[in-house]
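Hi,

Here is the structure I promised to pass on. Have a look at it first, and then read on for what turned up.

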Amino acid sequence: MFISLTGMFLPTIMLSGFMFPIENMPLPLRIISNAVPAKWFYNIVKSVMIKGVGFSMIWKEVLILAGMMVFFLALSIKK
């Protein structure tokens, strides 16, 4: 359990922008953080809960998460 926590959970939280702002990260980490679905989910939650925006403002993040979902679902079906 501890190895799973440090190997998967901590990098996900650190690269999502939850603990550290993505703008302050070095360029390689910013690029890697774009592949983490938690980043896009956190952006959606932050926009809706804090800023109070509607779907018209978060459609890009929703499409990115939907694309990731389709990709990983297709990959899992193929395997």
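A word on terms before the details: when I say that parts pack against each other, I mean contact, that is, heavy atoms within 4.5 Å. Please also keep in mind that this is a predicted model.

**The overall picture**

The protein has 4 helices and 0 strands, so along the sequence the pattern simply reads α-α-α-α. Taken along the principal axes, the C-alpha atoms fill a box of roughly 35 × 35 × 25 Å. Of the 79 residues, 19% are buried. As for contacts between residues at least 6 apart in sequence, 33% of them join residues at least 24 apart.

**Helix α3**

I'd begin with α3, which runs over residues 37–51. With 15 residues at 1.5 Å each step, α3 should span 21 Å, and its end C-alpha atoms are indeed 21 Å apart.

Which residues of α3 are buried? They are Lys39, Trp40, Asn43, Ile44 and Ser47. These residues cover an arc of only 135° around the axis, so they sit on the same side of α3. What do they pack against? The buried residues of α3 pack against α1, α2 and α4. Turn to the face pointing away from that buried side and you'll find the exposed residues Phe41, Met49 and Ile50.

Two of the buried residues deserve a click. The charged end of Lys39 sits over the ring of Trp40, 4.4 Å from the ring centre. Asn43, also in helix α3, has a relative accessibility of 16%; the cut-off for buried is under 20%, which is why Asn43 counts as buried. Its C-alpha atom is separated by 9.8 Å from that of Val62, 19 residues away along the chain.

Just past the helix, α3 is followed by Gly52, which has a positive phi near 75°.

**Helix α4**

α4 covers residues 55–78. This helix has 24 residues and reaches 32 Å from its first C-alpha to its last, close to the 34 Å expected at 1.5 Å a residue. Where does α4 bend? The bend is at Glu61, by about 35°. Glu61 is also one of the buried residues of α4, along with Ile58 and Met68. The buried residues of α4 pack against α3, and the buried residues of α3 in turn have α4 among their partners.

In the segment after α4 comes Lys79. At 82% relative accessibility, Lys79 is exposed. Lys79 and Leu27 are 52 residues apart in sequence, and their C-alpha atoms are 33 Å apart in space.

**Helix α1**

α1 takes in residues 2–15. With 14 residues, α1 reaches 19 Å from first C-alpha to last, close to the 20 Å expected at 1.5 Å a residue. Have a look at Phe9, though: α1 has a kink of about 30° there, shortly before the proline Pro11. After α1 comes Gly17, again with a positive phi, in this case near 95°.

**Aromatic pairs**

How many aromatic pairs does a search of the whole structure find? The search finds 2. One of them is formed by Phe18 and Tyr42, edge-to-face, with 5.5 Å from centre to centre and 85° between the planes. This pair links distant parts of the chain: Phe18 belongs to the loop between α1 and α2 (27–33), while Tyr42 is in helix α3, 24 residues apart. Are these two buried or exposed? Phe18 is exposed, with a relative accessible area of 53%, whereas Tyr42 is partly exposed at 24%.

Phe71 and Phe72 also pair up, with ring centres 5.2 Å apart and planes at 65°. Planes over 60 degrees apart count as edge-to-face, so this pair is edge-to-face as well. Phe72 is partly exposed, with a relative accessible area of 46%.

If you only have a few minutes, go to α3: its buried residues pack against α1, α2 and α4, and its Tyr42 pairs with Phe18 from the loop between α1 and α2.

Cheers

Note on methods: Residues are numbered from 1 along each chain as its sequence is written. This is a predicted model: local features need pLDDT of at least 70, side-chain atom pairs count only at pLDDT 80 or more; totals for chains, interfaces and linings use all residues. Side-chain values use heavy atoms; hydrogens and water are left out. Rings of Phe, Tyr and Trp (its six-membered ring) pair if their centres lie within 6.5 Å; planes under 30 degrees apart count as stacked, over 60 as edge-to-face and the rest as tilted. Buried means under 20% relative accessible area, exposed over 50%, partly exposed in between (1.4 Å probe, protein chains only). A charge sits over a ring if NZ of Lys or CZ of Arg is within 6 Å of the ring centre and within 35 degrees of the ring normal. The expected span of a helix is 1.5 Å times one less than its number of residues. The bend at a residue is the angle between axes fitted to the seven residues ending there and the seven starting there. The arc is that of the directions from the helix axis to the C-beta atoms.
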